[in-house]
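Here are my notes for a colleague who has not seen this structure before. Please read them with the model open.

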Amino acid sequence: MSESTGQEGRRFPAPEQLAAHANVGPDVYAQAESDRLAFWETQARRLTWSQEWDQVLDWSNPPFAKWFVGGKLNVAYNCVDRHVEDGHGEQVAYHWEGEPGDTRTITYAQLQDDVCRAANALLELGVQAGDRVAIYMPMIPEAVVAMLACARIGAVHMVVFGGFSADALASRITDSGAVLVITSDGGYRRGAPSALKPAVDDAVGRTDSVRNVLVVRRTQQDVEWTEGRDLWWHDVVDRQSAEHTPEAFDAEHPLYIMYTSGTTASPKGILHTSGGYLTQVAYSHWASFDLKPDDDVFWTSADIGWVTGHSYIVYGPLANRATSIMYEGTPETPHRGRWFEIIEKYKVTIMYTAPTVIRTFMKWGEDIPAKFDLSSLRVLGSVGEPINPEAWLWYHEHIGGGRCPIVDTWWQTETGAHMINPLPGVTDLKPGSAQTPFPGISAKVVDDEGNELGDDSTGLLVLTEPWPSMLRTIWGDDDRYVDTYWSRFGKEVYFAGDGAKKDDDGDIWLLGRVDDVMNVSGHRISTTEVESSLVAHPTVAEAAVVGASDPTTGQGIVAFVILRGAAEDSGDELVQQLRNHVAKDIGPIAKPRQIMVVQELPKTRSGKIMRRLLRDIAENRELGDVTTLTDSSVMNLIKDKLPASS
Ligand code: 6R9
């Protein structure tokens, strides 16, 4: 990697105290390797099954896997009831913070009552096992209750991020054939109520599978009402009995569909099932974060509309009887210290967030976290994109007080749970690298022909053995499932779509999506590597790099940078300085052809930089689809910056 910070060579050994009491020790890798299936079988025993499986894995028809064949369990029972039965009913499941400052404390016993009532309500509305239920909600506790109520009766939930448009919701409802939509009048966002119900009305009007819309009252906004179809949650759910006997479902019973956008236009409905998914999210949550259910306060800052929310706000933490934080709003409302205030207030011990958030905090400056007591923190996590060493070190120092291991977790909607990450009590950490396949996971770096590469090489990331929380198919489209993930290197090798590099020690560095790996004069250069170098320059807060087609070199490197608050936009001179900095840092081959100083970068609602759009700009094309951008005016800002024919 680049020597940009001069610190990449630094290792951060596991803190002694943490290592001494860690949930998993160094022997876990050998254990998992000696008998992978036995290892996962042991992890499955963390759950309560009403019928034991006959076979751990059926891989007789790849790539269609069945895990814990013949086993039966109820996912909601495992997440809630069993903890109450074990005497932990009074333990807090969620400390919920609304954006306006209202709070709710929900114990496991209350959660059990709420989930049972909601399950009874769904049954009254005629929802049956196997039916699909769309959930389009803000970050309020009813969203979790709705998911668990579905799981409890065997209905398949399909959560759509509340920031998505009516169009996106409509296409997902149609593709999944949802019979019910659970939503709310709205939620709070950046200090104001933001309506949800109008988008549901619009979407449902264009579909024909939905019988009812169940509406939680959150913001008191006026809502249009379709008699006979729309029902208030408080009218239907509150009057139900808090008793409901969970039914055990097959280990392979569908649990949820989560749509994710690929490189093509239509989103893919990723299907996850019950026993294997819950096994791996529970085990990974416990092992990756060293979760101690009696002591820790765990916070995943994602939205439940993303897989990170499903696996590490809902299913993993609840299966492990964790106490979690759930926060409705944005990090800067009503002030830029809001998150740190929450950490201080609830004495959060484990924080899991995304590099884009860290870089935003960096931009705002370390003075803000310094005003709060963050000494409760002991483990930090990162997810969503490669974390550049600069952001890693800032996170480590200014949030983690130099004492908290950072667990950089590589995984995908499709993988369901962590796949490549260090373990906090075991691994010597390297800033910027996800390092090691998770115990029981087989990840390799291969060349274009699928040959495994040795240390010190760059190629494509593949997963060479099935894993319990793997996607089972793309909803309604087995062929697309096979084509997208299991055809490039044969039916038993999962092609992740990410580039990866193995360093001299065999540690894995994720390099971004393969369409983000640039090829300049036949050299492979990662957008991430150039971005890291730029961000390491004292004047740069954030950078996005794309490969723009170039008649001589194949691709040329074009960078978009946001300067740090204090840095003056000193125009051409600074741009030259930055180009030279990268050339010196990585090598002349990585010297950006062009650097543009901008105010903002276009990001998807899940915080990923939309390089496709930047490429369009860099190559002077008409802009592609911007509907999933958080704010499409960002693109105009960037375009305005451009010389007419750059
Ligand atoms: C969990 C999640 C998956 C894609 C994945 C990769 C990128 C996620 C990463 C990471 C480097 C990490 N990604 N975590 N890249 N290091 N720790 O984000 O799922 O939204 O499906 O995105 O995100 O490119 O392929 P999803």
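1. A residue is near the ligand if one of its heavy atoms lies within 4 Å of it. There are 16 residues around the ligand in this predicted model. Asp-408, Thr-409, Thr-413, Asp-498 and Arg-513 come nearest.

2. Next, the polar contacts of the ligand. Thr-409 uses its backbone: a polar atom there is 2.8 Å from a nitrogen atom of the ligand. Gln-412 uses its side chain, with a polar atom 2.9 Å from an oxygen atom of the ligand. Asp-498 also offers a side-chain N or O atom, which lies 2.7 Å from an oxygen atom of the ligand.

3. Now the sheet of 7 strands. The sheet is open, and its order is β5-β4-β17-β16-β18-β19-β20. The pairing is mixed. At the edges are β5 (103-107) and β20 (406-409), each paired on one side only. From one strand to the next, the twist averages 20°.

4. Look at one end of that sheet. Strand β4 (residues 92-97) runs antiparallel to β5, and 5 bridges join them. His-95 has Thr-105 in β5 as its bridge partner. Helix α12 (residues 338-346) packs on the sheet. The helix touches β4, β5, β16 (297-300), β17 (323-327) and β18 (350-353). Its direction makes about 145° with that of β4.

5. Another open sheet has 4 strands, in the order β21-β22-β24-β25. Here the pairing is antiparallel. The edge strands are β21 (443-446) and β25 (508-513), and each of them pairs on one side only. Neighbouring strands are turned by 45° against each other on average, direction ignored. Strand β24 (residues 494-502) pairs with β25 over 4 bridges. Within β25, Trp-509 stands opposite Lys-501.

6. Where does UniProt place the feature "binding site"? The unreviewed entry gives Arg-189, Arg-190, Gly-191, Ala-192, Thr-308 and Ser-521. These positions cover 333 residues of sequence. They are spread in space too, up to 50.2 Å between C-alpha atoms.

7. Two of those positions deserve a closer look. Gly-191 sits in the loop between β9 (186-189) and β10 (192-195). Is Gly-191 buried or exposed? Gly-191 counts as exposed because its relative accessible area is 57%, and the cut-off is over 50%. Leaving out residues up to four places away in sequence, Gly-191 touches Glu-99 and Thr-333. Ser-521 is in the loop between β26 (517-520) and β27 (523-526). Its relative accessibility is 40%, so Ser-521 counts as partly exposed. Beyond its neighbours within four places in sequence, Ser-521 is in contact with Thr-553 and Ile-589.

8. Glu-243 lies in the loop between α9 (233-236) and β13 (249-250). Glu-243 is exposed, at 62% relative accessibility. Not counting residues up to four places away in sequence, Glu-243 touches Cys-116 and Asn-120. Pro-317 is 74 residues from Glu-243 along the chain, and their C-alpha atoms are separated by 23 Å.

9. Check the cis peptide bonds. One joins Pro-62 and Pro-63, with omega about 5°. Pro-63 is in the loop between β1 (55-61) and β2 (64-69). Another runs from Thr-333 to Pro-334, with omega near -5°. Pro-334 belongs to the loop between β17 and α12. Thr-333 is also one of the residues that Gly-191 touches.

10. Check two backbone angles as well. Asp-290 is not a glycine, yet its phi is positive, near 55°. The loop between α10 (275-288) and β16 holds Asp-290. Asp-290 counts as buried because its relative accessible area is 2%, where the cut-off is under 20%. Arg-321 has a positive phi too, near 60°, and is likewise a residue other than glycine. Arg-321 lies in the loop between α11 (307-319) and β17. At 13% relative accessibility, Arg-321 is also buried.

11. Last, a domain record. UniProt lists residues 27-79 in an unreviewed entry as "domain: Acetyl-coenzyme A synthetase N-terminal". In the model, this span is 40% helix and 28% strand. Its end C-alpha atoms lie 28 Å apart.

Terms used
Residues numbered from 1 in each chain as written. Predicted model: local features only at pLDDT ≥ 70, side-chain atom pairs only at ≥ 80, totals over all residues. Heavy atoms only, no water. Pairing = 2+ DSSP bridges. Axes fitted to C-alpha atoms, helices over the stretch in contact; angles between N-to-C directions. Contact = heavy atoms within 4.5 Å. UniProt positions renumbered as here; feature names shortened; annotations may be inferred. Buried < 20%, exposed > 50% of the residue type's maximum accessible area, 1.4 Å probe, protein only. Polar contact = N/O pair within 3.5 Å; in protein donor to acceptor, adjacent residues only side chain to side chain.
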